[in-house]
Number of protein chains: 2
Amino acid sequence: MLEERKKKILQAIIDEYINTAEPVSSGVIEKKYRLGCSSATIRNEMVELEKAGYLEKPHTSSGRVPSAKGYRFYVDELIKEDDISLQEIKYIQSKLETKVNEIEELTQIATSTLSEVTHYTSVSIGPKANFQNIEEIKFVLLGNRMLMAVILTDTGIVKETIIKFDEDITEEQVNTLNIIFNNKLKGKPLDEIDKPLEEYIFSEMNYSLKVIKPIIQQLDRAINEDSKLYLEGANKSFELPEFKSLEVAKNFINLIDTKEVMRDLLNTGFAKDINVYIGDESDNENLKDFSIITFKHRYQNKDLGTIGIIGPKRMDYSKVISVMKYISKKLNGK
Amino acid sequence: MLEERKKKILQAIIDEYINTAEPVSSGVIEKKYRLGCSSATIRNEMVELEKAGYLEKPHTSSGRVPSAKGYRFYVDELIKEDDISLQEIKYIQSKLETKVNEIEELTQIATSTLSEVTHYTSVSIGPKANFQNIEEIKFVLLGNRMLMAVILTDTGIVKETIIKFDEDITEEQVNTLNIIFNNKLKGKPLDEIDKPLEEYIFSEMNYSLKVIKPIIQQLDRAINEDSKLYLEGANKSFELPEFKSLEVAKNFINLIDTKEVMRDLLNTGFAKDINVYIGDESDNENLKDFSIITFKHRYQNKDLGTIGIIGPKRMDYSKVISVMKYISKKLNGK
DNA sequence: GTTTAGCAATCAAAAAGAAAGAGTGCTAAA
DNA sequence: TTTAGCACTCTTTCTTTTTGATTGCTAAAC
């Protein structure tokens, strides 16, 4: 759909712009990229690429800058595969080898490694708990009036929550709780913990509703609780030339500061292995100058969270995507 | 040590500068603050205040700006007590009334409320665990090869950690663990969990070292783990006029991004109820444009963490300190 | 002795103007 | 179809000018 030479020129322009953050002129392309034609020819092609919507001009007599459509084409068709060095591979390997006891920790290590290798700001979030099945529930008495509930899911994720009471709880009651909850909930999806269950358990046990209610409430809360966001390398973004603009910097801060937005961004669309949102493709005003690239942290195809990069539209897509692919593969095999 | 009128003028200048972020002229003080003398007199006083080091001039023909010494005097001597409105009191009350099960959550609510009321960026950190005493330790078997250890301290803080094994663990073993650990450690300070204990328990139980070792290791790790930083309202800082300077913005981001520095800042010096660090009083290059105000989250005089504000040197000290005092009182009484 | 009116001097910030230079688009020739 | 050549455009940068706020000083007033 785009002739070979146009593709080459577009690629050269975007590569150059990614490097320099300056509008790209026909002269630079001629000299640096040696495509075997003169700057005049490149100029002619640029006019057409602009007409087709792949390029933009900040003003009449300036060089060209990629448009959102240009970046999109670049990401979909022109990207360099395996743009990752041996050194980087080794670094990632060494980081991911760290022994961890909790999945959340592994996600965090992967997230910080991603930021370190790409030099962009990275962010991650745990998995949506409510899709998972309950493997086991345990209640532990702490002191006399405090109960800790620990839920183990089939993906190996552990959720725990504390429940406080106004009256004493006996070890006996705790045992009954353990038996009943496990009988009733083992193997069931997490979101089965809700109203109907409450009645069942209430009738089953000789507890007062006063005791059962806070348990169900708190379990419910623990399960539906938003999983923690983890942000790494926010300061790296501030080294980028685009952050000389106060507006850009502000948008960035507003973005990473509004946890709900970040959650939304990390939780949408996972048709592909790696998802790329360029500029305001995901219509958020604060996002217009940034791109977001995400992938799912999976292990044996079970969803363990999402990891992403938030960087300028002029992001080094090849590098980021290559690094992500590698990390993703490593995590899944771990 | 400073005559009454000089104090009044200094206060007026600092108040004005806090409001406007612009160098303050003698004319403005005369008109707005009505101190009963002419601008010429104020000018004369300003010269002396500058000579004494309380004021500075960006350039020869500009108004005056408070120096670090000026702010320090302001904070120590001129601050307005109870600079908090009824509305703000009500808002704080309603926020702190929220029922929580975990102390960490309460600290977080207090932190975000502080940011909301003062419009500055706030930050908090949990207490240093290792000063506390163990009230109870419980081990819970999750699946066959995973153990959760739950530690309850005498301050009501619950720490939990997961330990994975390469071989199966029996319920029986878990029971023994529970008995031994509780016998040995109840009432002891948390940092007693270390080497000697390992041997004791090893000799006491017929476990292989293979099992005991990871438990001690992981408990130790959980206890000495840096407590979580919680940051709220970073975007609020970016609305301040001082953040028009890219350098200031960068310093700020570097500051809040380096968790170790934030930890240090929150963990130093608590002779007073409320601690104020103005500019580079705590010699960190990134801090030179900012002030930090902190207080301890206490309940019945037990340390439950630290909460702070990080804002421009031109911060509304009266407001921040008043709000902090109120929140601190409320938390302690809760 | 202290306060204040008056005013020249200072200097940043804003506005206006001039020059430089990078890059384009078009034309006409190769 | 490609390319050399060149006028045109428009930002960027540098100077210059203007404006205006504020000071510090002097001398008079209190």
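How many helices and strands does the secondary structure of chain A come to? In this predicted model, the count for chain A is 13 helices and 10 strands.

The overall form of the chain comes next. The C-alpha trace of chain A spans about 90 × 40 × 35 Å along its principal axes. Its radius of gyration is 26 Å, whereas the globule rule gives 20 Å for 334 residues; the value for chain A is well over that, so the chain is more spread out than a compact globule. Of the 334 residues in chain A, 37% are buried. If one takes the contacts in chain A between residues at least 6 apart in sequence, 60% of them join residues at least 24 apart.

Chain A also meets a second chain. Here 27 residues of chain A are in contact with 27 residues of chain B, where contact means that the C-beta atoms, placed from the backbone, lie within 7 Å. On the chain A side, the elements that give two or more residues are the strands β4 (134–142), β5 (146–153) and β6 (158–164), together with the helices α10 (234–237) and α11 (246–257). The largest share, six residues, comes from α11(A). Sorted by class, this side of chain A has 13 nonpolar, nine charged and five polar residues.

The two chains can then be compared as copies. A turn of 180° with a shift of 0.0 Å along the axis lays chain A on chain B with an RMSD of 0.3 Å. This is the relation of a two-fold axis. The copies meet through the same surface, because 100% of the interface residues of chain A are also interface residues in chain B.

How values were computed
Residues numbered from 1 in each chain as written. Chains lettered and ligands numbered in written order. Predicted model: local features only at pLDDT ≥ 70, side-chain atom pairs only at ≥ 80, totals over all residues. Contact = placed C-beta atoms within 7 Å. Helix = DSSP H or I, 4+ residues; strand = E, 2+ residues; numbered from the N terminus. Nonpolar A, V, L, I, M, F, W, Y, C, P; charged D, E, K, R; others polar. Least-squares fit on C-alpha atoms with pLDDT ≥ 70 in both. Rg over C-alpha atoms; globule rule 2.2 N^0.38 Å. Buried ≥ 20, exposed ≤ 12 C-beta atoms within 10 Å, placed from the backbone.
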